[in-house]
Amino acid sequence: MPEHVVIIGSGPAGWSAAIYAARANLHPLVFEGAVNEPNRLSGTLPLGQLNLTTEVENYPGFPAGSLYEFITSAIPPERVELDLPMLESHKHAVTGPELMNLMRQQALNFGARIITDDIVDVDLSRRPFLLKALEGQSIESHTIIIATGARANYLGLESEERFKNRGVSACAVCDGALPRFRNKPLVVVGGGDSAVEEATYLSKYASQVNMLMRRDVFRASKIMEDRAKSNPKIKIHYFREVDEVLGSDKEGVTAVRVKNNREGGTHDLPASGLFLAIGHTPNTDFLRGQVQLNEKGYIKYTTLFRTYTSVEGVFAAGDVADDYYRQAVTSAGTGCMAALDAERYLAANGL
Ligand code: NDP
């Protein structure tokens with residue numbers, strides 16, 4: 001018997017889709033990704049990009065600081081139905097991995113089935129669709145929800161890998177407000193809109209933000225370029241690239257060794273953080289061109305306010321189809337939409 005819904009991906013889009021599909025009695029099967037070294041190195045392990053971050057403070061309902069204090073401040077005592085003594089020990093905001101595990105468990109509790117493997121090939125030219133997993137399993141399904149996300153591009157330096165989560169980040173909005181970055185000099189790499197956005201955001205917390213650009217031309221829009229140039233806390237360094245991330249196990253990142261790619265030579269910039277903003281790559285390789293992508297390689301939605309792709313019965317959710325908002329809450333939103341779209345497609349086709 002073919003599956004009704006196969007969901008590929010296990011970030012907020014995948015789990016939201018799974019929760020909705022499970023509650024609609026569609027018994028979704030979720031491929032959450034394989035746990036292996038290639039996925040670790042490319043940042044595509046199960047639970048997505050949020051699993052690579054620390055505290056999440058902007059997911060509605062999950063505040064900064066102690067959850068216990070937040071709940072008691074937000075809800076009058078007579079309306080609190082939670083086991084507060086249990087929560088009293090939870091002193092920090094929810095972390096990305098915690099949030100993802102909560103969503104995963106919520107999907108499981110509603111009956112979603114989970115396979116810890118990658119989908120490596122699909123045949124979308126036949127019905128039901130055929131999917132192949134890394135470990136050899138073949139699955140047929142009437143609908144597919146693609147929620148494989150995108151991975152941040154990194155420079156590929158060994159020292160960068162060493163300090164991931166200890167000063168090296170590819171998400172200022174996720175990590176920028178952490179105490180380790182406050183009133184400290186920081187480095188942002190890139191000259192696109194994301195780099196300016198990250199630098200501007202970080203300038204609220206940092207003592208100084210050094211933007212390193214490999215050319216002297218911004219890829220960012222003019223308005224964003226002007227924003228960077230007019231911010232007194234942002235210093236722009238042209239023709240500069242990261243040579244090495246410096247630091248220690250105890251302190252994390254302490255400086256960035258910067259090379260001048262025009263004149264040669266290096267110098268060390270003190271910094272407690274290095275933020276990469278050199279683009280993202282959507283995880284669409286396994287589709288092998290069977291779903292239409294936009295000019296940047298993201299899955300193209302074919303209808304406004306729907307999660308339809310170029311293949312009927314195949315829906316997309318989250319960052320794999322979004323190079324613009326890229327937030328946990330927007331991904332969760334499109335995950336929900338994709339499940340509803342799949343449910344309606346199945347009903348309309350008597351499946
Ligand atoms: P972009 O591809 O636009 O920019 C990437 C930047 O990183 C470029 O400056 C590029 O340099 C640099 N870069 C790439 N690889 C390296 C490397 N190995 N070493 C050093 N520098 C490198 O990506 P963005 O993420 O900035 O933007 C993606 C899309 O999202 C864009 O369409 C953007 O407009 C949009 N966006 C819009 C926002 C807004 O409007 N507020 C905010 C954020 C994103 P080079 O130019 O030399 O190639």
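**Exercise 1. Find the partner of strand β12 (residues 240-248) and state the sense of the pairing.**

Solution. Start from the pairing itself: β12 (residues 240-248) and β13 (residues 252-260) are joined antiparallel by 8 bridges. Two strands count as paired if DSSP finds at least two bridges between them. Strands here are DSSP runs of E with at least two residues, helices are runs of H or I with at least four, and both are numbered from the N terminus. Next, take one pair: G247 has V253 in β13 as its bridge partner. Last, look at the connection, which is a hairpin of 3 residues from β12 to β13.

This is a predicted model, in which local features need pLDDT of at least 70, side-chain atom pairs count only at pLDDT 80 or more, and totals for chains, interfaces and linings use all residues. Residues are numbered from 1 along each chain as its sequence is written, and side-chain values use heavy atoms, with hydrogens and water left out.

**Exercise 2. Follow β13 to strand β14 (residues 266-270) and describe the turn.**

Solution. β13 also pairs with β14 (residues 266-270), antiparallel and over 5 bridges. K259 is matched with T266 in β14. The hairpin between β13 and β14 has 5 residues, and G264 in its turn has a positive phi of about 85°.

**Exercise 3. Describe the β4-β5 hairpin and the peptide bond before P128.**

Solution. First, the strands: β4 (residues 119-123) and β5 (residues 129-133) run antiparallel and share 4 bridges. D121 stands opposite K132 in β5. The hairpin from β4 to β5 passes through 5 residues. P128 is placed in the loop between these two strands. The bond from R127 to P128 is cis, with omega near -15°.

**Exercise 4. Give the strand order of the open sheet that contains β15, and name its edges.**

Solution. The sheet has 5 strands in the order β8-β15-β9-β10-β11, with parallel pairing. Its edge strands, β8 (168-169) and β11 (234-237), each pair on one side only. Inside the sheet, β9 (residues 185-189) and β10 (residues 208-212) are joined by 5 bridges and run parallel. One of the matched pairs is V189 with L212 in β10.

**Exercise 5. Locate the second largest pocket and explain its position relative to the domains.**

Solution. Begin with the volume, about 160 Å³. A pocket is found on a 1 Å grid over the protein atoms alone, as an open set of points where a 1.4 Å probe fits, with protein on both sides within 12 Å along at least five of seven lines; lining residues have an atom within 4 Å of a point. The lining includes L41, S42, G43, Y154, E160, E161 and K164. Helices α2 (37-42) and α6 (158-162) are the elements that give two or more residues to this lining. By class, the lining has 5 nonpolar, 4 polar and 3 charged residues. The pocket lies between domain 1 (3-152 + 280-348) and domain 2 (158-276) because both give residues to its lining. The domain bounds come from an automatic or database domain assignment.

**Exercise 6. Which residues come nearest to the ligand, and which polar contacts reach its oxygen atoms?**

Solution. There are 17 residues around the ligand, and D193, S194, R214, R215 and R219 come nearest. A residue is counted here if one of its heavy atoms lies within 4 Å of the molecule. For polar contacts, look for N or O pairs within 3.5 Å. R215 places a polar side-chain atom 2.7 Å from a ligand oxygen. A polar backbone atom of G192 is 3.3 Å from an oxygen atom of the ligand. D323 has a backbone N or O atom 3.4 Å from a ligand oxygen.

Key. Points joined across faces, edges and corners; volume = space filled by probe spheres on them. Nonpolar A, V, L, I, M, F, W, Y, C, P; charged D, E, K, R; others polar. Polar contact = N/O pair within 3.5 Å; in protein donor to acceptor, adjacent residues only side chain to side chain.
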